[in-house]
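Me: I have a structure open at the bench and would like a close look at a single part of it. Could you pick up one buried spot and walk me outward from there?

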Amino acid sequence: MATLLLLRDHDLYIYCFHRLQHSSKYLWRTHEAHHSVADVDWLAGARSHSLEILINQTIEFAPIALLGAAPEVAVMKATLDAVWGMYIHSNIDVRSGWLQYVINGPEMHRWHHARELAERNRNFGTKLAIWDWLLGTGFRPGYKPKAYGLAGDEPFPEGYVAQHIAAFRRFQSTSRRSPDAAGLDGADLLPAAPPGRALPSSEPVRQA
C-alpha cells in the first residue's frame, strides 16, 4: 500500500512539474528539445536537454537518497521510468479502453507532442492519466495527430549540441513561447477534426 501511495504522489509531482515546464518560458527552454522530435517513437522519450534531466532527476531521486532507501529502490524507479517512457512514446496503435482514464499510454501522450495543439497544452501525465482528467487537461479524440514537433515560425536546430546551446539564446518578442506563457489556456488550440468526425471537447471520450 505504501508503495502505491508513493507512486501516486510521485506521479502527481511529475504532472505538476511537466505542466510548469509548459507555462514557464525559462523551464520551457529546457523542455523544448524534447518536443522538437518530428517522429515520435519509443526512442523519443530519451531526447531531452541535459539541464532538464539534471533538474528533474535531482528532485526525483534526492528523497530516495535522503530518506535512506535501499539502493535497489533507485534502480527499480529508474527502470520503471525508462520502460514507461519508451511505452508512452511508442508508435503503436494501442486501444486500452477505459484503462486510459487511469493509466497513461501512447494514445494520449502522442497528442502531447502534436503540432495541431500548438505547444501541446494537454496530457501532461506520465504513468497515470487520472491527473489530466481530474485537472482538465485530458484530451483523447480517438484518432492520431497528423504531425509532431514544435509549432511556430522560429527555427530550432536539429543537432544535439546545437539544441543544448539554443536553450540559452536571448528571449525575443517573436520567440516561440509555451501557451500558458502566451496567455492561452489551450482550449483554443484544439485541432480541426478530420472530415466526417466531430471533434470532442477535453472531456473523456469512451473508446472500445
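Reply: Happy to. Let's start at Asp11, which counts as buried because its relative accessible area is 1%, and buried here means under 20%. Please keep in mind that this is a predicted model. Asp11 sits in helix α1, a helix that spans residues 2-23.

What does Asp11 touch, once its neighbours within four places in sequence are set aside? The contacts are Thr126, Lys127, Leu128 and Trp131. Trp131 falls within helix α6, which covers residues 130-134. Two C-alpha distances help to place this part of the fold. Asp11 and Ala129 are 118 residues apart in sequence, yet 9.6 Å apart in space. Ile130 and Asp11 are separated by 119 residues in sequence and by 10.0 Å in space.

Ile130 itself belongs to helix α6. With a relative accessible area of 25%, Ile130 is partly exposed, whereas Asp11 is buried at 1%. Beyond its neighbours within four places in sequence, Ile130 is in contact with Tyr101 and Val102.

Moving back along the chain from α6, you come to Asn123, in the loop between α5 (106-112) and α6. The backbone is worth a look here: phi of Asn123 is near 55 degrees, a positive value in a residue other than glycine. Most residues other than glycine have a negative phi. Asn123 also counts as buried, because its relative accessibility is 1%.

How far can you trust this region? Confidence in the protein chain is highest in helix α6, at a mean of 95, and lowest in α1, at a mean of 80. Over residues 179-208, by contrast, the pLDDT is below 50, although this stretch has 62 contacts in the model beyond near neighbours in sequence. For the protein chain, the mean pLDDT is 79, and 77% of the residues reach 70 or more.

Now for the wider setting. The protein chain has seven helices and zero strands. Long-range pairs like those around Asp11 fit into a broader count: among contacts between residues at least 6 apart in sequence, 67% join residues at least 24 apart. Of the 208 residues in the protein chain, 43% are buried. The chain exposes about 11200 Å², with carbon and sulfur atoms supplying 65% of that area.

After α1 comes α2, spanning residues 25-35. This helix is mostly covered, with nine of its eleven residues buried. Among them are Trp28, Arg29 and Glu32, as well as the histidines His31, His34 and His35.

Both α1 and α2 also help to line the largest pocket, as do α3 (50-66) and α4 (71-89), each supplying at least two residues. The largest contribution to this lining comes from α4, with nine residues. The pocket holds about 690 Å³ of space. Its lining comprises 28 residues, and those nearest the centre are Gly45, Ser48, Asn56, Gln57 and Asp81. By class, the lining has eleven nonpolar, twelve polar and five charged residues.

To retrace the route on your screen, begin at buried Asp11 in α1, cross to its contact Trp131, and step back to Asn123 in the loop before α6. From there, return to α2 with its nine buried residues and finish at the pocket that α1, α2, α3 and α4 help to line.

Terms used: Residues numbered from 1 in each chain as written. Predicted model: local features only at pLDDT ≥ 70, side-chain atom pairs only at ≥ 80, totals over all residues. Heavy atoms only, no water. 1 Å grid on protein atoms, 1.4 Å probe; cavity = no way out; pocket = protein on both sides within 12 Å on 5 of 7 lines; lining within 4 Å. Points joined across faces, edges and corners; volume = space filled by probe spheres on them. Helix = DSSP H or I, 4+ residues; strand = E, 2+ residues; numbered from the N terminus. Nonpolar A, V, L, I, M, F, W, Y, C, P; charged D, E, K, R; others polar. Buried < 20%, exposed > 50% of the residue type's maximum accessible area, 1.4 Å probe, protein only. Contact = heavy atoms within 4.5 Å. Areas by Shrake-Rupley, 256 points an atom, 1.4 Å probe, with all protein chains shown as cover. pLDDT = per-residue confidence, 0-100.
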